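Welcome, and please open the structure in your viewer. We will go from stop to stop, selecting a few residues each time.

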Amino acid sequence: MPELVFFSGTMDCGKSTLALQIEHNRSARGLQGMIFTRDDRAGEGKLSSRLGLVTDAVEAAEGFDFYAYLVDRFSKGGRCDYVIADEAQFLAPEQIDQLARVVDDLELDVFAFGITTDFRSKLFPGSQRLVELADRVEVLQVEALCWCGARATHNARTVGGVMVVEGAQVVVGDVNQSPDEIGYEVLCRRHHRRRMTAASAHAATLSPDVLPVETDTETGAGGRDARDVRGRPTVRS
């Protein structure tokens, strides 16, 4: 039976790479698919992976009707065996409904790829509707990592390396942007809550120690060991 499958994950976890792999595997077996995308980092009408792979796609802009587009294609003698929709988080809920109708009425598999939550850890409307309607939700197993080494679960928007939590929900950007640009970084929940990006964490490690520690020359009378401000013995060299 045809399915609507939602492949979800954070930025930088290989969603677009998997979309391109599915396209390759199916086209190699003689199947012909339609690729749709929205606001890809490579520009309009492109599906791109951070590994450097790029292919042409149909730009599903605001107001685009997936079901009507495919029905028109079939009425003109065109062919389509499956559908790939990348950057699905940017789609409107009604467009997700159209993809579900493509599965049910046109009997085509639809593979949708997208991040689940925005930089404020709020659900994208398109992703929310996919979770509600999808036959399967697959969390990608290639884990993106926070700067601390833990599994990244949240997407952060940054300006000059500083995490921001206000602004429009959709602002096209990418990881590894120059410091002056709007960029994105994946973080674990703990550091997303603390708004601690890799840049701010690095700055913190450069800060001087704020707790003064007594030296051996400051050992108290009677030969007692020196103590730090928390009452712990200092380490002698």
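About how many helical turns separate Arg129 and Glu132 in helix α4? Select residues 125-133, which make up helix α4, and show these two side chains: they are separated by about one helical turn because they are three residues apart in that helix. Keep in mind on this tour that the model is predicted.

**Stop 1: the pair in α4**

Zoom in on the two side chains. Arg129 and Glu132 form a salt bridge, and their closest N and O atoms are 2.9 Å apart. Arg129 is partly exposed, with 24% relative accessible area, and Glu132 also counts as partly exposed, at 45%. Next, select Glu3, Arg136 and Glu138, which are joined into one network by salt bridges that share partners.

**Stop 2: two further salt bridges**

Over the whole structure, a search finds eleven salt bridges. Pick Lys76 and Asp72 for your next view: this pair forms a salt bridge with 3.2 Å between the closest N and O atoms. Is Lys76 buried or exposed? Lys76 counts as exposed because its relative accessibility is 66%, while Asp72 is partly exposed at 36%.

Now move to Asp81 and Arg79, whose side chains meet in a salt bridge at 2.9 Å, N to O. Asp81 has 26% relative accessibility and so counts as partly exposed. Arg79, at 39%, counts as partly exposed too.

**Stop 3: the nonpolar core**

Hide the charged side chains and select Leu70, Val83 and Leu99. They belong to the largest nonpolar core, which has 24 residues, and they touch the most other members of it. To see which elements give two or more residues to this core, color β1 (4-8), β2 (33-37), α2 (66-75), β6 (82-85), α3 (93-106) and β7 (109-114). Which element gives the most to this core? That is α3, with five residues.

**Stop 4: a positive patch**

For the last view, turn on the surface and select Arg189, Arg190, Arg193 and Arg194, which form a positive surface patch. Switch back to the cartoon and you will find Arg189 in helix α5, residues 189-193. Arg189 counts as exposed because its relative accessibility is 54%, and the cut-off for exposed is over 50%.

Technical notes:
Residues are numbered from 1 along each chain as its sequence is written. This is a predicted model: local features need pLDDT of at least 70, side-chain atom pairs count only at pLDDT 80 or more; totals for chains, interfaces and linings use all residues. Side-chain values use heavy atoms; hydrogens and water are left out. Patches are made of residues with over 30% relative accessible area and no salt bridge: like charges are joined within 9 Å, nonpolar side chains (Val, Leu, Ile, Met, Phe, Trp, Tyr) within 5 Å. Accessible areas come from the Shrake-Rupley method with a 1.4 Å probe; for residues, only the protein chains shown count as cover. A salt bridge is a side-chain nitrogen of Lys or Arg within 4 Å of a carboxyl oxygen of Asp or Glu. Lys and Arg count as positive and Asp and Glu as negative; His and the chain ends are not counted. The place of a charge is taken as NZ of Lys, CZ of Arg, CG of Asp or CD of Glu. Helices (H or I, at least four residues) and strands (E, at least two) are DSSP runs, numbered from the N terminus. Buried means under 20% relative accessible area, exposed over 50%, partly exposed in between (1.4 Å probe, protein chains only). A nonpolar core is a set of buried Ala, Val, Leu, Ile, Met, Phe, Trp, Tyr and Cys residues joined through side-chain atoms within 4.5 Å.
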